[in-house]
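User: I'm new to this structure and would like a close look at a single part of it. Could you walk me through the sheet and what packs around it?

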Amino acid sequence: MHKIINTALQEKRYLLNEIESKNLVKSYKIPVVSTKLATSAKEAREIASKLKFPLVMKIVSNDISHKSDVGGVVLDIGNLKEVDSNYKSMMKAVKKVNKHAVIQGIAVQPMVNDGIELVIGVTTDKQFGPVLMFGLGGVFVEFMKDVSFKLIPLRKIDAKNILSEIQSKDILMGARGFPKIDLIKLQNLILNVSKFVQDNPEIEEVDLNPVIANSKEMLAVDARIVLKQ
């Protein structure tokens with residue numbers, strides 16, 4: 001059992017925060033955006049000074065479900081002064097909504113928007129076990145529900161087929177001006193998610209959304225993991 005999972009279960013925590021989730025999937029060669037946790041405005045500035053602007057700041061709290069709706073997510077931060085002011089305003093805004101919320105801090109990470117938004121997720125079916133979902137993210141997953149499913153564990157042929165089963169598969173090949181995705185790299189990413197879940201049966205759900213992909217790289221911008229109770 002992975003140390004992060006073991007610690008959470010010992011503490012009877014079944015929803016891992018973003019930092020924990022990213023560190024966990026990263027150990028399985030699943031690429032994520034470098035994300036650091038700041039527990040003070042000073043620490044946020046120190047972290048930001050070592051990163052390339054623009055940045056994103058997100059509240060880290062399991063007690064706040066829709067973070068963007070309550071001022072818990074700020075995009076396109078351009079300098080250290082904005083880092084400082086946003087840290088203070090975000091903390092204030094979230095506490096105003098839920099004064100009892102336990103806040104671990106604020107995640108600071110580079111802003112990534114050069115590419116196609118993908119979604120890779122895992123749910124656990126009571127009869128069939130873990131099921132992997134793949135599709136285009138953003139408006140595609142919200143309005144078109146353009147996703148495909150495979151049972152875990154996936155074979156190489158399954159990872160290849162799941163890409164061709166979505167309606168918008170031509171977009172992955174560079175249609176309509178979108179960047180052409182490295183499909184082999186994407187298949188390997190999907191296989192790594194499958195192995196990650198297979199090796200850790202304590203996992204109930206995985207949500208990598210969005211994964212930003214272009215012709216050079218793909219990075220999970222956000223990560224969420226739920227453990228079985």
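Analyst: Let's begin with a term: two strands are said to pair if DSSP finds at least two bridges between them. The model here is a predicted one.

With that in hand, look for an open sheet made of 4 strands, which run in the order β2-β5-β3-β4 with antiparallel pairing. At its edges are β2 and β4 (residues 73-77), and each of these pairs on one side only. From one strand to the next, the twist averages 25°.

Now zoom in on one edge. Strands β2 and β5 are joined in the antiparallel sense over 3 bridges. To find your place there, pick out L37, whose bridge partner in β5 is A107.

Next come the helices that meet this sheet. Helix α4 packs on the sheet and touches β2, β3, β4 and β5, and its direction makes about 25° with that of β3. Helix α2, residues 18-26, lies across β2, β3 and β5 and runs at about 45° to β5.

Helix α3, residues 41-48, is worth a slower look. Its residues A41, A44, I47 and A48 are buried. Seen down the axis of α3, the buried residues fall within an arc of 120°, so they line one face of the helix. What covers them includes three strands you have already met, β2 (36-38), β3 (55-60) and β5 (105-110), along with helix α4 (80-97).

Staying with α4 for a moment, one of its residues is A93. Is A93 buried, exposed or partly exposed? The cut-offs help here: buried means under 20% relative accessible area and exposed means over 50%. A93 has 24% relative accessibility, so this residue counts as partly exposed. Its C-alpha atom is 6.0 Å from that of G71, although the two residues are 22 apart along the chain.

Finally, some strands of the sheet also help to line a pocket. The largest pocket has a volume of about 1100 Å³. Its lining consists of 38 residues, and those nearest the centre are K58, V73, N209, P210 and D222. Among the elements that give two or more residues to this lining are β3, β4 and β5 from the sheet, together with β1 (15-16), α5 (139-144), β9 (203-213) and β11 (223-227).

Methods:
Residues numbered from 1 in each chain as written. Predicted model: local features only at pLDDT ≥ 70, side-chain atom pairs only at ≥ 80, totals over all residues. Heavy atoms only, no water. Buried < 20%, exposed > 50% of the residue type's maximum accessible area, 1.4 Å probe, protein only. Arc of directions from axis to C-beta. Contact = heavy atoms within 4.5 Å. Axes fitted to C-alpha atoms, helices over the stretch in contact; angles between N-to-C directions. 1 Å grid on protein atoms, 1.4 Å probe; cavity = no way out; pocket = protein on both sides within 12 Å on 5 of 7 lines; lining within 4 Å. Points joined across faces, edges and corners; volume = space filled by probe spheres on them.
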